[in-house]
Amino acid sequence: MLLTHTLDGGVLVVRLAPALAVRHRAAVTLAVEELLRAHRPDHLVVVAEGVWTPAVFSTVLRARTAQDHRVGFAVVTASPTAADLLAANTSGPVRVHPSLAQALCEVRARPGTPTGPGPRP
């Protein structure tokens, strides 16, 4: 299984498989896009636990397209290196949290529609 997901109170939580390989990036990105269209959440939280391989990093960056759908976006990882890499390789702020509980608390306190172009799915 490449990813699992839950939907709770307008927050779509997607957990990436720890053994994500480069060949899985496109399939996972497509799955996230389909989940966004199907559930129409206010926020997307991507949980990437374990080793941050290039495939995991790339997949998280691709999942950031949630902002194109006017959906709030946050990442959960305990890796400070991953948080630094995300901040250095993206335009605009990336909310990175060390735990899912912290991410959920923060996204639920924010409005569901961030500024930016594009219609909601």
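# A walk through the sheet and its helices

Start with the five strands: they make an open sheet in the order 1-2-3-4-5, with mixed pairing. At the edges sit strand 1 (3-8) and strand 5 (95-97), each of which pairs on one side only. Going from one strand to the next, the twist averages 20 degrees. Keep in mind throughout that this is a predicted model.

**Stop 1: the hairpin.** Select strand 1 and strand 2. They run antiparallel and are joined by six bridges. To check the register, pick H5, which stands opposite V14 in strand 2. Then try L7, whose opposite number in strand 2 is L12. Now zoom in on the turn: the hairpin has two residues between its strands, and G9 takes a positive phi near 60 degrees there.

**Stop 2: strand 2.** Stay with strand 2 (11-16) and switch on a surface. How many of the six residues of strand 2 are buried? Five of them are, so the strand is largely enclosed by the rest of the structure. On its other pairing, strand 2 runs parallel to strand 3, with five bridges joining the two. R15 is a handy marker here, as it stands opposite V47 in strand 3.

**Stop 3: strands 3 and 4.** Next, select residues 43-47 and 72-76, which are strand 3 and strand 4. These two also run parallel, and five bridges join them. Click on L44 and look across to F73 in strand 4, which it stands opposite. With side chains displayed along the sheet, a general pattern helps you read the view: in a regular strand, they alternate between the two faces of the sheet.

**Stop 4: helix 4.** Bring in residues 100-109, which form helix 4. This helix lies across strand 1, strand 2, strand 3, strand 4 and strand 5, and it runs at about 155 degrees to strand 2.

**Stop 5: the pair of helices.** Now select helix 1 (residues 25-39) and helix 2 (residues 54-63). Their axes come within 10 Å and cross at roughly 30 degrees. Angles under 35 degrees count as roughly parallel, and helix 1 and helix 2 are therefore roughly parallel to each other. The crossing of helix 1 past helix 2 is right-handed. For the contact itself, show R25, V28, T29 and V32 on helix 1, and A55, S58, T59, R62 and A63 on helix 2. By type, these residues divide into four nonpolar, three polar and two charged.

**Stop 6: E33.** Still on helix 1, pick E33. Is this residue buried or exposed? At 16% relative accessibility, E33 counts as buried, because the cut-off for buried is under 20%. Leaving aside residues up to four places away in sequence, E33 touches T65 and H69.

**Stop 7: two loop residues.** First, jump to A19, in the loop between strand 2 and helix 1. A19 has a relative accessible area of 66%, which makes it exposed. Draw a C-alpha to C-alpha distance from A19 to V56: the pair is 37 residues apart in sequence and 8.6 Å apart in space.

Finish at R40, in the loop between helix 1 and strand 3. What is notable about the phi of R40? The angle is near 50 degrees, a positive value in a residue other than glycine. R40 counts as partly exposed, at 49% relative accessibility.

Notes
Residues numbered from 1 in each chain as written. Predicted model: local features only at pLDDT ≥ 70, side-chain atom pairs only at ≥ 80, totals over all residues. Heavy atoms only, no water. Axes fitted to C-alpha atoms, helices over the stretch in contact; angles between N-to-C directions. Helix = DSSP H or I, 4+ residues; strand = E, 2+ residues; numbered from the N terminus. Parallel < 35°, antiparallel > 145°, perpendicular 65-115°, else oblique. Left-handed = near helix turned anticlockwise from the far one by under 90°. Contact = heavy atoms within 4.5 Å. Nonpolar A, V, L, I, M, F, W, Y, C, P; charged D, E, K, R; others polar. Pairing = 2+ DSSP bridges. Buried < 20%, exposed > 50% of the residue type's maximum accessible area, 1.4 Å probe, protein only.
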